[in-house]
Amino acid sequence: MTSAQLPGDPPGGRRAVAVWGLGVAVYFVAITYRTSLGVAGIDAAERFHINASALSTFSILQVLVYAGMQIPVGLMVDRLGTRKVLMLGVVLFTLGQFGFAFSHSYGMALGSRALLGCGDAMTFISVLRLGSRWFPARRGPLIAQIAALFGMAGNLVSTLVIARSLHGVGWTTTFAGSALGGLAVFVLVLFFLKDHPEGFEPAPATHLGADYVRRQIADAWREPGTRLGMWVHFTTQFPAMVFLLLWGMPFLVEAEGLSQATAGQLLTLVVLSNMAVGLVYGQVIARHHAARAPLALGTVGATALLWGTVLVWPSAHAPMWLLVVLCVVLGACGPASMIGFDFARPANPPERIGTASGIVNMGGFTASMTTLLAVGVLLDLTGQDYRIAFASVFVLQALGISQILRLRGRAHRRERDRVVASRVEAVHVPV
């Protein structure tokens with residue numbers, strides 16, 4: 001990607017940061033709600049009198065709805081714009097969080113998490129599109145990583161605030177109080193968020209309908225960069241997602257013998273590592289596009305190595321230093337998953353970015369959903385043997401790596417041809 005601003009690029013600037021920041025604030029709140037169950041898993045099991053498989057169903061259903069909504073949301077963003085989709089998302093995930101606060105039955109709680117997942121699904125793709133509409137294309141990788149960084153800060157609210165509040169003021173007050181954040185960001189989006197800068201309106205979509213939907217999906221999927229991005233996201237994101245979303249706290253407390261306070265600190269370390277690594281990855285990829293695949297594959301390899309070491313450690317409990325290193329490495333999974341969008345973005349025109357991003361985003365959440373289910377079922381079948389249950393991680397990593405290696409060459413060749421063509425076009429466009 002050329003470092004010079006291409007014709008038609010948005011100008012960026014302070015107003016772009018302010019408007020984009022509103023979208024990031026919505027994503028921050030959505031992540032807080034998404035990960036709140038991760039620190040409340042033990043409390044939820046006691047409140048609803050459920051076993052490990054039933055507990056995992058909360059997160060599986062939430063992630064299933066999230067993953068299933070990605071392509072529809074991408075189409076909605078491309079057709080309706082960011083503001084309308086974000087407002088709908090805020091309404092849904094806020095209602096879901098309120099519903100979870102007042103749930104006294106397992107069924108009501110499941111419905112609330114599904115509603116939350118539906119609203120959550122509308123946030124990140126919207127933020128990606130908002131960044132592409134307000135900032136020059138060369139800023140794309142860094143803007144995406146910073147959005148993910150601030151989103152992960154919502155995870156800190158879960159591990160530092162919600163976890164403590166649960167044991168201080170109780171279930172209903174904690175979750176209902178956190179839902180007030182959704183009301184606040186709804187007001188901000190309603191009055192201040194704009195889809196694009198003045199003078200940079202996208203071309204109106206034509207021939208909307210079933211043919212348009214099929215064409216958008218088919219054209220995005222046909223690009224090797226979209227499929228490569230999906231498999232990168234699939235392979236890199238899910239180990240940390242499964243750890244933070246549900247099984248990290250039970251694993252550290254029940255299998256490793258740590259207190260809930262110490263386990264919460266390790267979950268916080270994952271989040272802090274994610275934020276730090278995200279800044280590094282964003283800067284590296286913005287300057288060296290060829291580093292995308294090595295960073296993604298290197299992260300997968302490091303994650304597999306550390307997981308394997310913890311699971312086969314000869315004594316009953318892994319030493320604290322090893323758990324710390326594992327959490328630091330898990331923190332790189334989120335930034336590595338963002339590389340998937342950096343493969344899909346140059347492979348698709350602006351009017352198809354939402355759809356392509358939805359396809360990419362399905363990858364990691366499909367892997368997360370599969371692993372959440374596998375861990376819960378294996379725990380019940382093996383009498384809470386976390387070593388066997390967490391070994392399911394390696395199966396999905398092997399599948400993802402094989403697909404990345406298969407698609408990598410084709411995607412790189414097609415992207416190189418497209419970049420050369422865009423540079424030639426830029427030279428011949430009058431300024």
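The questions and replies below go through some side-chain contacts in this predicted model.

Me: What makes Trp313 and Trp321 an aromatic pair, and why is the pair called edge-to-face?
Reply: The ring centres of Trp313 and Trp321 are 6.2 Å apart, and because rings count as a pair when their centres lie within 6.5 Å, these two qualify. Their planes make an angle of 85°, and since an angle over 60 degrees counts as edge-to-face, that is the name the pair receives. By the same rule the count comes to 21 aromatic pairs.

Me: Are Trp313 and Trp321 called buried, partly exposed or exposed, and why?
Reply: Trp313 has a relative accessibility of 25%, which lies between the limits of 20% and 50%, so the term is partly exposed. Trp321 has a relative accessible area of 54%, and because exposed means over 50%, Trp321 is called exposed.

Me: Which residues form an aromatic cluster with Phe100, and what lies over the face of Phe100?
Reply: Phe48, Phe58, Phe100, Tyr106, Trp171 and Phe175 form one aromatic cluster. Over the face of Phe100 lies Arg113, at 4.7 Å from the ring centre, and this distance fits the rule because the limit is 6 Å.

Me: How do you know that Cys333 is in no disulfide?
Reply: The nearest cysteine sulfur to that of Cys333 belongs to Cys327 and is 11 Å away, whereas a disulfide needs two sulfur atoms within 2.5 Å, so Cys333 cannot be counted in one. A search of the whole structure finds zero disulfides. Cys333 has a relative accessibility of 1% and counts as buried, and Cys118, at 17%, is buried too, because both values are under 20%.

Me: Why is the contact between Asp78 and Arg129 called a salt bridge?
Reply: The closest N and O atoms of Asp78 and Arg129 are 3.9 Å apart, and because the limit for a salt bridge is 4 Å, the pair is counted. Asp78 lies in helix H3 and Arg129 in helix H6, so the salt bridge ties together parts that are 51 residues apart in sequence. Asp78 is buried at 10% relative accessibility, and Arg129 is buried at 5%.

Me: What makes Arg222 and Asp219 a salt bridge, and how are the two placed in helix H9?
Reply: Their side chains meet at 2.7 Å, N to O, so they satisfy the limit of 4 Å. Being three residues apart in helix H9, Arg222 and Asp219 are separated by about one helical turn. Arg222 is exposed at 54%, while Asp219, at 21%, counts as partly exposed, because that value is not under 20%.

Me: How do you know that Glu415 and Arg292 form a salt bridge, and which parts of the chain does the pair link?
Reply: The N to O distance between Glu415 and Arg292 is 2.9 Å, so the pair is within the limit of 4 Å. Glu415 is in helix H17 and Arg292 in helix H12, and the pair links distant parts of the chain, 123 residues apart. Glu415 has a relative accessible area of 13% and Arg292 has 4%, so each is called buried, being under 20%.

Me: How many salt bridges does the rule give, and which residues are linked in a network?
Reply: The count comes to seven salt bridges, and Glu223, Arg352 and Arg414 are linked in a network of salt bridges.

Methods:
Residues numbered from 1 in each chain as written. Predicted model: local features only at pLDDT ≥ 70, side-chain atom pairs only at ≥ 80, totals over all residues. Heavy atoms only, no water. Phe/Tyr/Trp six-rings, centres within 6.5 Å; stacked < 30°, edge-to-face > 60°. Buried < 20%, exposed > 50% of the residue type's maximum accessible area, 1.4 Å probe, protein only. Lys NZ or Arg CZ within 6 Å of the ring centre and 35° of its normal. Helix = DSSP H or I, 4+ residues; strand = E, 2+ residues; numbered from the N terminus.
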